[in-house]
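Please open the model in your viewer and keep the sequence panel beside it. The tour below goes from one selection to the next and says what is found at each stop.

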Amino acid sequence: MKNILLHSVRAVWPIALALSVYPSALWSIEKEVVLSIYQGAHDEGDFERNLETVRSVTANAVQRGSHFVVFPECFLSGYESLEAVQRGSRSLDDPALVRFVEETRSHDTAVLVGLARKLPQGKLANTQLILHRGKIVGMYDKVMLTYGDRHVLGFEYGTAVPVFHLHGVTFAIAICHDTSFPYVAMLAKEQGAEILFTPHNNEIATESVDAHRRWVHNCHVGLACQFKMVVARSNNIKSDREGRVGYGDSFVLNPQGEPIAQADLFKTQLITATVTPAMFRSPTVWSEWEEAPAWLRTQLGQAVLEGRPPTTDVELRDWLTNMAQHRFSREEICRALGMSLDEVAEAMQRLEPPSPAPRGPTEPLLALPYPGGRHPRLGFLDGAVMPQRETKVSVFTPWGNANEEASYVVVDVPEAVFSNLGLLYLAHTHVPTLWDKQGVQLARMEWTRHDDGSLSLQRTLPNGVVLASHVTPARDHVSMEMSLTNGTSEPLTGLRVQNCVMLGYAPGFDAQNNDTKRFEAPYAVAGNQEGNRWIITAWDPIQRCWGNPPCPCLHADPQFPDCPPGQTVRVRGWLSFYEGTDIASELRRIDGTNWRK
């Protein structure tokens, strides 16, 4: 999915202007297409009997002149229990299935039917087969598995979203829970799908069945409208288990999300609808998918790729330990690592990352790479779109709190570096850098963690300028250093730096104002409301101390000396925490440590 999205960003947009002249003529279906959607019950685990139903319904659809006939999820196998699924599952070389596939040679109707498909090593896939003219011409395996799909019924995840072309139309399949998310439909749309077939097998608790029906219906309307596709839903009906019911509500929606065929609730039916090219043309459809500007499509692709899956179990365990220290939710872990909830749960159980341990009084302060997955700011988020984790370090406060919430600040080292050449580096998306203007994307990087607890990172920019940062925690403070090496052939001047200390996840310091802050260069200081705890940062040589209230944050921004070609310049920084009321004396004490040297 990620590769195709990025390919679309690069490849689709350059032709969008040409397509906008006559987009309907180029992208709509070629002729009228007749769809038949079956809504009905199946027998759990009875493959042969269900196959007879498919055979009979298909004959009806053929008589109607249907180009497609679609059956619910796992219709051939059953879906109620592990025993039923296993009893009804079949491999593609099953003799009864092979005979039915051969029977489709006698007509031109494509049959889309659900099957618990046997895989090697006793595994199963939740598959929708596409049968046409005596062949299995394609299949789709469900991608978004529910907890029951994975852990009760034992299905394996699908790993691809293919599109298919039959009867002059490009179509894709999204099975049941797939339609609860935009991903499968979006990827299908990016590959040219005009019809999305959505087989379901809903058996819902009676007290929530109507709410479920409305929500699922509205999800389908959204997919049809947003992606300008015909959406055709096939669902089962079922009432043989006390307290649970399969309600049906099968339908075909046009690209405006309006039903052009709809089955009654709790009734066995074969509904039929005709899809026409006119449904895809203005004024019936009011917008074009290709209208999205290049920057928006690019940011979408980058956002999809924002999570960073670890490459080894050692790396994965380190990040899980890191995020436990941050008290991340499972959802935040998923976003940071680019993993699913199920994958994270499996990794937590298998790798057993340690719980956060209290810091000893003589131990150094804890500084960890910030993992992403949770925006480090509370406000002014439009000024920090898609923050990069490369330059961010979390420094945990020494006091914590009684609720066992994480208490830390996030330090950007650096947030931005300006020069006479322009903006050399920015740790998020807000204004274009030198490299954005040239269409050059900087490589992703990670902090190097050293045995003494320090962190370092070095980046060589495309013009040869090298930026390096080092963060070293001690018992009562964190020392920081940045260096810049001029690898160009010209002097660099105006080397202003922004180093941001974000306070939003340090309880007591998260007020979005500057009321308790003090700016006495080179020190920027934030106090809590009680005035008995303080966060202090400083850099030298200093060029500006300030704070952005909405974030909230502290800035003690330094400036590198002018740097001739081949030379290296440095700035030094400080971060500490103070508990007491005499902040002026504490600043004098810090000054006496000669930290600037």
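A residue counts as buried when its relative accessible area is under 20%. Keep in mind throughout that this is a predicted model.

**First stop: rings in the chain**

Begin by selecting Tyr38, which has 8% relative accessibility and therefore counts as buried, since that value is under 20%. Then add Phe71, which also counts as buried because its relative accessibility is 0%. A pair of aromatic rings is described by the distance of the centres and the angle of the planes. The structure holds 14 aromatic pairs, and for Tyr38 and Phe71 the ring centres lie 5.6 Å apart with the planes at 50 degrees, so this pair is tilted. The pair links distant parts of the chain, as Tyr38 belongs to strand 1 (residues 33-39) while Phe71 lies in the loop between strand 2 (68-70) and helix 5 (82-88), 33 residues apart.

Next, select Phe68 and Phe197, both of which are buried. These two form another tilted aromatic pair, with 5.3 Å from centre to centre and 45 degrees between the planes. Here, too, distant parts of the chain are linked, because Phe68 sits in strand 2 and Phe197 in strand 9 (residues 195-199), 129 residues apart. If you now add Phe164 and Phe171 to the selection, you have the cluster that ring pairs build from Phe68, Phe164, Phe171 and Phe197.

**Second stop: charges over rings**

Select Arg374 together with Tyr505, and look for the charged end of Arg374, which sits over the ring of Tyr505 at 5.0 Å from its centre. Then move to Arg544 and Trp546, where Arg544 lies over the face of Trp546, 4.2 Å from the ring centre.

**Third stop: helices that cross**

Select helix 12 (residues 330-337) and helix 13 (residues 341-351), whose axes come within 9 Å and cross at roughly 100 degrees. The two helices are therefore roughly perpendicular to each other. On the side of helix 12 the contact is made by Arg330, Glu331, Ile333 and Cys334, and on the side of helix 13 by Leu341, Val344, Ala345 and Met348.

Keep helix 13 selected and add helix 11 (residues 313-325); the axes of these two come within 11 Å and also cross at roughly 100 degrees. That makes helix 11 roughly perpendicular to helix 13. Their contact is made by Asp313, Leu316, Arg317 and Leu320 of helix 11 with Ala347, Met348, Arg350 and Leu351 of helix 13.

**Fourth stop: paired strands**

Strands of a sheet pair through backbone hydrogen bonds, either parallel or antiparallel. Select strand 19 (residues 408-419) and strand 20, which pair in the antiparallel sense over 4 bridges and form a hairpin with 2 residues between them. One bridge to find joins Ala416 to its partner Leu426 in strand 20. Strand 20 (residues 422-426) is mostly covered, with 4 of its 5 residues buried.

Finally, which strands form the edges of the open sheet? Select its 8 strands, which follow the order 21-22-23-24-31-28-27-26 with antiparallel pairing. The edges are strand 21 (448-449) and strand 26 (517-520), each of which pairs on one side only. Within this sheet, strand 23 (residues 466-473) and strand 24 (residues 477-485) pair in the antiparallel sense over 8 bridges, and Thr472 has Ser479 of strand 24 as its bridge partner.

Key
Residues numbered from 1 in each chain as written. Predicted model: local features only at pLDDT ≥ 70, side-chain atom pairs only at ≥ 80, totals over all residues. Heavy atoms only, no water. Phe/Tyr/Trp six-rings, centres within 6.5 Å; stacked < 30°, edge-to-face > 60°. Buried < 20%, exposed > 50% of the residue type's maximum accessible area, 1.4 Å probe, protein only. Lys NZ or Arg CZ within 6 Å of the ring centre and 35° of its normal. Pairing = 2+ DSSP bridges. Axes fitted to C-alpha atoms, helices over the stretch in contact; angles between N-to-C directions. Parallel < 35°, antiparallel > 145°, perpendicular 65-115°, else oblique. Contact = heavy atoms within 4.5 Å.
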